[in-house]
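Here are my notes for you to read with the structure open beside them. Take the points one at a time and find each residue as you go.

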Amino acid sequence: MPVPESTRLLYELEGTVEENLNRHLAAAQEWMPHEYVPWSQGRDFAELGGEAWDPEQSRVSPIARTALEVNLLTEDNLPSYHREIERAFGRDGAWGTWVHRWTAEEGRHGICIRDYLLVTRAVDPVELERMRMETMQAGYDTGDKPLLQVCAYVSFQELATRISHRNTGRYTQDPLAERLLARVSTDENLHMVFYRNLVKASLEISPDAMMRAITDEVVSFAMPGAVIPSFARKAALIAKAGIYDLRIHHDDVVLPLLRYWKVFDLTNLGPVGEAARDELATFLKALDAQAARFEERRDAAEARRNKIKNG
């Protein structure tokens, strides 16, 4: 009986997984969430008289608050993400070790961001919990994507998440939030490197299938937080603020990974891979044009606001 393609790929990539797992563990600095949250500040809200949360208690702007909420609620859906990568990668050998290590590292991101938001009274804790319940009940479902599609998607997604966290920290203009999210971004970058290297190895083992997977994931990419209540509106606000927009996605997420994989220099592609690469090139041109139009509209709106403001 022939071995299923997914099983063959799992077996052939096992050595690459183990090598990159060891590299990740050597690079990953151990840290504790409480190291980045001043528990001595804000834990006792007696001075607030026990009143309900008020926006005036927050030290960050409304848009920064929105970005922080989206980042946290995205991290909160970890049980669904764990289920998906365990389904795709399995629980055996280096694959299983990575699945659980990754889950543990992602888990503390949600812990420390929530601690920061609650301790500093940055968000309405009641509304935050309602959104958490709604988000986690919606869950996250890849539609049973096969292994190579999962590897491609998480490569782009981890890099996007790294940039989103980093830019959110800067946008808050709060040194504590910036330091915290810079630490989280460091983890996300290491995760991206792990998945990025798996894709590179897969382009050598199964180039046509991997090229097809890369194209599919670039064309259909959506952040996992899309299930968050009112995500489209919140994403638009985040984009207008320049925290994460189409230009960032095109220039700082998609293109760097494609360059690393040298997808437009590959010489080992068959008809399937060549067709996928052509489709990718066409899509990138359209994405670049779409990003340019968004920037033009944003700049024009900013100019109008400044004109009104200055009389």
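The points below go through two annotated sites and a cavity.

1. First, a word of caution: what you're looking at is a predicted model. The site labels come from UniProt, from an unreviewed entry, and such annotations may be inferred rather than shown by experiment.

2. Start with one "binding site" annotation. The UniProt record puts it at Glu 106, Glu 158, Glu 188 and His 191. Along the sequence these are spread over 86 residues, yet in space they cluster, with a largest C-alpha distance of 10.9 Å. Glu 106, Glu 158 and Glu 188 also belong to the lining of the largest cavity.

3. There is also a "binding site" annotation at Glu 75, Glu 106, His 109 and Glu 188, again from the unreviewed UniProt entry. Here the spread is 114 residues of sequence, but the residues still cluster, and the largest C-alpha distance is 11.3 Å. From this set, Glu 75, Glu 106 and Glu 188 are in the cavity lining. If you compare the annotations, you'll find Glu 106 in one and in the other.

4. So let's look at Glu 106. You'll find it in helix H4, which runs over residues 93-119. Is Glu 106 buried or exposed? Its relative accessibility is 6%, so Glu 106 counts as buried, because the cut-off for buried is under 20%. Leaving out residues up to four places away in sequence, Glu 106 touches Glu 75, Leu 78, Glu 158, Glu 188 and His 191. Check that list against the annotations: Glu 158, Glu 188 and His 191 are in one, while Glu 75 and Glu 188 are in the other.

5. Next, Glu 75, which sits in helix H2. Glu 75 has a relative accessible area of 8%, so it is buried too. Among its contacts, with residues up to four places away not counted, are Glu 106, His 109 and Glu 188. Others on the list include Thr 161 and His 165.

6. Now the histidines. His 109 is in helix H4, and His 191 is in helix H7, residues 175-205. His 109 is buried, because its relative accessible area is 0%. His 191 counts as buried as well, because its relative accessibility is 0%. Beyond its neighbours in sequence (up to four places), His 109 touches Trp 31, Glu 75, Val 184, Asp 187, Glu 188 and His 191. His 191, on the same terms, is in contact with His 24, Trp 98, Trp 102, Glu 105, Glu 106, His 109 and Glu 158. One more detail to find: the side chain of His 109 reaches the backbone oxygen of Glu 105 at 3.4 Å.

7. Last, the cavity itself. How many cavities of 30 Å³ or more are there? The count is one, and the volume of the largest cavity is about 240 Å³. It is lined by 19 residues, and the closest to its centre are Tyr 81, Trp 102, Tyr 153, Val 154 and Gln 157. Helices H2 (62-76), H3 (78-89), H4 and H6 (147-172) each give two or more residues to the lining. Which of the elements gives the most? That is H6, with six residues.

8. A closing look at the chemistry of that lining: eight residues are nonpolar, four are polar and seven are charged. The charged residues include Glu 106, Glu 158 and Glu 188, from the annotation you met in point 2.

Notes: Residues numbered from 1 in each chain as written. Predicted model: local features only at pLDDT ≥ 70, side-chain atom pairs only at ≥ 80, totals over all residues. Heavy atoms only, no water. 1 Å grid on protein atoms, 1.4 Å probe; cavity = no way out; pocket = protein on both sides within 12 Å on 5 of 7 lines; lining within 4 Å. Helix = DSSP H or I, 4+ residues; strand = E, 2+ residues; numbered from the N terminus. Buried < 20%, exposed > 50% of the residue type's maximum accessible area, 1.4 Å probe, protein only. Contact = heavy atoms within 4.5 Å. Points joined across faces, edges and corners; volume = space filled by probe spheres on them. Polar contact = N/O pair within 3.5 Å; in protein donor to acceptor, adjacent residues only side chain to side chain.
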